[in-house]
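Got your viewer open? Here's a short walk around the model, one selection at a time.

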Amino acid sequence: MIRTTVVGSWPPEDRFRGALAHYLRGTLTAGDHEQLLCDVAEVAIQQQKACGLDEYTGGETSADSFILHFPKYLTGIEPTANTDAWDGRGDYRIVGVLDAPAGLGLAAAFRREKRIDPALAKVTIPGPSEIMMMIGPADRRRAAWPRAIELIRREIAACIDAGAQDVQLDLPHVAMGVADGWWSGDPEETIRAIFHGITGVRRSVHFCYGDFQAKTWTQNRHFQPLLSLIQQLGGVVDRTVDRVVLEFSLPEQWAQRSLLGQIPASMEVAVGIVDVKSPVVESVDELVVKIRELLTYVPAARLLICPSCGFGRRNAELAMGKAMAMVQAVQRVNEGL
């Protein structure tokens, strides 16, 4: 049977947004913010389950716009004078050895969410480029990548200790850089370094072309540039990734859907045909047509249907509408199988 999943983030209810803004600015007490984060995550989990999703997450509800909260967890950096950067969040420079003495916050969030729902299994973790995006200068940031990879691996280990069974690495910067040709270095080497020695859990990677202000941030929006990297990661001899989670809502990507048939059979494929950047809820009928088309290239046992990216930058009403349409479409197709 085809399954449904989410990429990661889920929007908080509007009633929580003011308090969350205070939390992200550090103006809530520890006791107050812990209760707030529990309340927000509990609602996010309940909403995802109410949609009928086969897989759900804690919603990344303690995150600030996906990745803009990481500097507060890091040492070896300090704020610059540019306090207007990143919508008033400021940017940072490296002044010492990068570290995260209390972790990156992801394992702590997963433990909190696991207490809310013991069945929770999936955790999402950004890559080194995403975690260090607000830190400069560029040459020192890039030189600190090996250390950032160590911190990510430490966080993954803590999540697995807490019961995570699916560890998803979120790499939009890799996908955008590979698509537009500006990525420096070997992305396969980075992914292999992060997942090295990690077994007994599903190792997933999410590739998308950006969701900033509901816009795609690549010039090349085809799927083809990513295919070679995916094939390398799913190699029969040295498989590093068990599942690839793809944005696939752009017309250019959908036009190349036959290439999905060239993804190694060792990999599950989550295809993001539900467009999180569109304010329109897809009809069940149009999703059914697309899912049946996907079965031409990926067998049902390896196929999952998902949104193109996280829902977290939208609103809960839109997220639930799109998720329910996706679930109903998959159910209809499964009935035919």
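Where does Ser65 sit? Select it and you'll land in the loop between α2 and β2. Keep in mind throughout that this is a predicted model. Ser65 has a positive phi of about 50°, although it is not a glycine. With a relative accessible area of 38%, Ser65 is partly exposed.

**Stay in that loop**

Now pick Glu60, in the loop between α2 (30-50) and β2 (75-79). Here again you'll find a non-glycine residue with a positive phi, about 50°. Glu60 is partly exposed, at a relative accessible area of 22%; the cut-off for buried is under 20%.

Next, click on Thr61, also in the loop between α2 and β2. Is Thr61 buried or exposed? Its relative accessible area is 6%, so Thr61 counts as buried. Show its surroundings: leaving aside residues up to four places away in sequence, Thr61 touches Trp10, Leu20, Leu37, Val40, Ala41, Ala44 and Glu113.

**Along α2**

Select α2 itself. This helix has 21 residues and runs 30 Å from its first C-alpha to its last, close to the 30 Å expected at 1.5 Å a residue. Colour its buried residues: Leu36, Leu37, Val40, Ala41, Val43, Ala44, Ile45, Gln47 and Gln48. If you're wondering about the spacing in that list, an α-helix has 3.6 residues a turn, so residues three or four places apart point the same way.

Which helices do the buried residues of α2 pack against? Bring up α1 (14-25), α4 (106-116) and α13 to see them. Then look just past the end of the helix: α2 is followed by Gly52, which has a positive phi near 90°.

Go back into α2 for Asp32. At 47% relative accessibility, Asp32 counts as partly exposed. Draw a C-alpha to C-alpha distance from Asp32 to Ala19 and you should get 9.6 Å, with the two residues 13 apart in sequence.

**α1 against α2**

Keep α2 on and show α1. The two helices pack at an angle of about 140°, their axes 11 Å apart. α1 and α2 are therefore oblique to each other, and α1 passes α2 in a left-handed crossing. To see who makes the contact, show side chains for Arg15, Phe16, Ala19, Leu20 and Tyr23 of α1, then His33, Leu36, Leu37, Asp39, Val40 and Val43 of α2. Colour this contact by class and you get eight nonpolar, one polar and two charged residues.

**α12 against α13**

For another helix pair, select 284-294 (α12) and 316-336 (α13). How do their axes cross? They come within 8 Å and cross at roughly 55°. That makes α12 oblique to α13, and the crossing of α12 past α13 is right-handed. On the α12 side, the contact is made by Val284, Asp285, Leu287, Val288, Ile291 and Arg292. On the α13 side, pick out Ala325, Met326, Gln328, Ala329, Val330, Arg332 and Val333. The residues of this contact of α12 with α13 divide into nine nonpolar, one polar and three charged.

**Into α9**

Time to select α9, residues 187-195. Seven of the nine residues of α9 are buried, so the helix is largely enclosed by the rest of the structure. The buried ones are Pro187, Glu188, Thr190, Ile191, Arg192, Ile194 and Phe195. What covers these buried residues? Switch on α5 (128-131), α7 (145-161), β6 (166-170), α8 (172-180), β7 and α10 (224-233), which are included in the cover.

Then step out to Gly200, in the loop between α9 and β7 (202-207). Gly200 has a relative accessible area of 82%, so it counts as exposed. Try a C-alpha to C-alpha distance from Gly200 to Ile160: the pair are 40 residues apart in sequence and 9.3 Å apart in space.

**Last stop: a cis bond**

Finish by zooming in on Gly136 and Pro137. A cis peptide bond joins these two, with omega about -10°. Pro137 lies in the loop between β5 (135-136) and α6 (138-143).

Conventions
Residues are numbered from 1 along each chain as its sequence is written. This is a predicted model: local features need pLDDT of at least 70, side-chain atom pairs count only at pLDDT 80 or more; totals for chains, interfaces and linings use all residues. Side-chain values use heavy atoms; hydrogens and water are left out. Helices (H or I, at least four residues) and strands (E, at least two) are DSSP runs, numbered from the N terminus. Buried means under 20% relative accessible area, exposed over 50%, partly exposed in between (1.4 Å probe, protein chains only). Axes are lines fitted to C-alpha atoms, for helices over the stretch in contact, and angles run from 0 to 180 degrees between N-to-C directions. Angles under 35 degrees count as roughly parallel, over 145 as roughly antiparallel, 65 to 115 as roughly perpendicular and the rest as oblique. A crossing is left-handed if the near helix is turned anticlockwise from the far one by less than a right angle, and right-handed if clockwise. Contact means heavy atoms within 4.5 Å. Ala, Val, Leu, Ile, Met, Phe, Trp, Tyr, Cys and Pro count as nonpolar, Asp, Glu, Lys and Arg as charged, and the others, Gly among them, as polar. The expected span of a helix is 1.5 Å times one less than its number of residues.
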